[in-house]
Amino acid sequence: NGHVCPLYNWVYNHSCSPDASVRCCSIQNMPFVSTSGMNLPENSLYSAVLNAVSVLFALVCIFRHAQIVERKVDEALLSKAAMIIGFFGSIGGFIAGNCNPSVLMVLHYFGATLCFVSGCIYTILQTALTFRLHLTGKECFLAPLRAVLTIFQVVFSICYLAFFVHPDTKKQHIGAICEWILATNFYVFIMSFSFEFYYITSAVLYALISRPDDEKVAILSEPRGTNMATFDK
């Protein structure tokens, strides 16, 4: 519908005539992630997707932490820190998804910044946990994979921030490409948890649902013990 220019476009005008016979891309149509949620009707889908992703990411943080506490008590503190950082990222995504940048620009960019920075820190902490834990026997593959994904996340986050504020439109376009890459990279990182979550059994679910309230709080705060049966197949 012409609301967002394609990533392969590198020529931008300050304004476009409504009756232009050829594609005209203005600075306002630069293909940042947030641009896809500025106008009707796609802004409704944009908000719905980010709301769903924010909730799912918060659940991933909780289950990942519960899994680590059940198996490796010694790493519970670092895991708890990662979970809290993940919650901040989830809140940031919720704010960015529900604050249209054309109306609430400051809140939108605050939420986006919180989401990207928290996501970057979360990948670093979870990569450190992957190197320190041996939960599945696949860490020889997962640890270097997540290390590469984390490096990509940090590098493209820095590039995105540097190019986003640059006055040159070509540099800003590179920033838009970096934003899509780091968003996709983060989703791939989160999907890599499917290797660990494959080993989740009813023990972790029982720890989150069926235990007394004081023990549920312990799962999200201080470790109470180790349940090796969690990973029995």
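This is a short talk on the cysteines, the salt bridges and one buried threonine in a predicted model.

Okay, housekeeping. The model is predicted, so local features need pLDDT of at least 70 and side-chain atom pairs count only at pLDDT 80 or more, while totals for chains, interfaces and linings use all residues. Residues are numbered from 1 along each chain as its sequence is written, and side-chain values use heavy atoms, with hydrogens and water left out.

Let's start with the cysteines. How many disulfides does the structure hold? Just one, taking a disulfide as a pair of cysteine sulfur atoms within 2.5 Å. Cys 5 is joined to Cys 25, with 2.2 Å from S to S. Both partners sit in the segment before α1 (42–71), 20 residues apart. Helices here are DSSP runs of H or I, at least four residues, and strands are runs of E, at least two, numbered from the N terminus. The torsion about that S-S bond is about -125°, so the disulfide is left-handed.

Cys 5 and Cys 25 are both buried. By that I mean under 20% relative accessible area, with exposed being over 50% and partly exposed in between, using a 1.4 Å probe and protein chains only.

And why is Cys 178 not bonded to Cys 159? Because the Cys 178 sulfur is 4.9 Å from the one in Cys 159, its closest cysteine sulfur, and that's too far for a bond. Cys 178 is buried too, at 6%, and Cys 99 counts as buried at 10%.

Now the salt bridges. The rule is a side-chain nitrogen of Lys or Arg within 4 Å of a carboxyl oxygen of Asp or Glu, and it gives three of them. Look at Glu 196 in helix α6 (residues 194–197). Arg 64, from helix α1, pairs with Glu 196 at 3.7 Å, so parts 132 residues apart in sequence get tied together. Glu 196 also bridges to Arg 146, at 2.7 Å. Arg 146 lies in helix α4, so this pair ties parts 50 residues apart. Together, Arg 64, Arg 146 and Glu 196 make a salt-bridge network. What about burial? Arg 64 is at 1%, Glu 196 at 1% and Arg 146 at 0%.

Then there's Glu 75 with Arg 132, at 3.3 Å from N to O. Glu 75 is in the loop between α1 and α2 (76–98), and Arg 132 is in helix α3 (residues 105–132), 57 residues away.

Last one: Thr 150, in helix α4 (residues 139–164). Thr 150 is buried at 8%. Beyond neighbours within four places in sequence, Thr 150 is in contact (heavy atoms within 4.5 Å) with Thr 123, Ile 124, Thr 127 and Phe 189.
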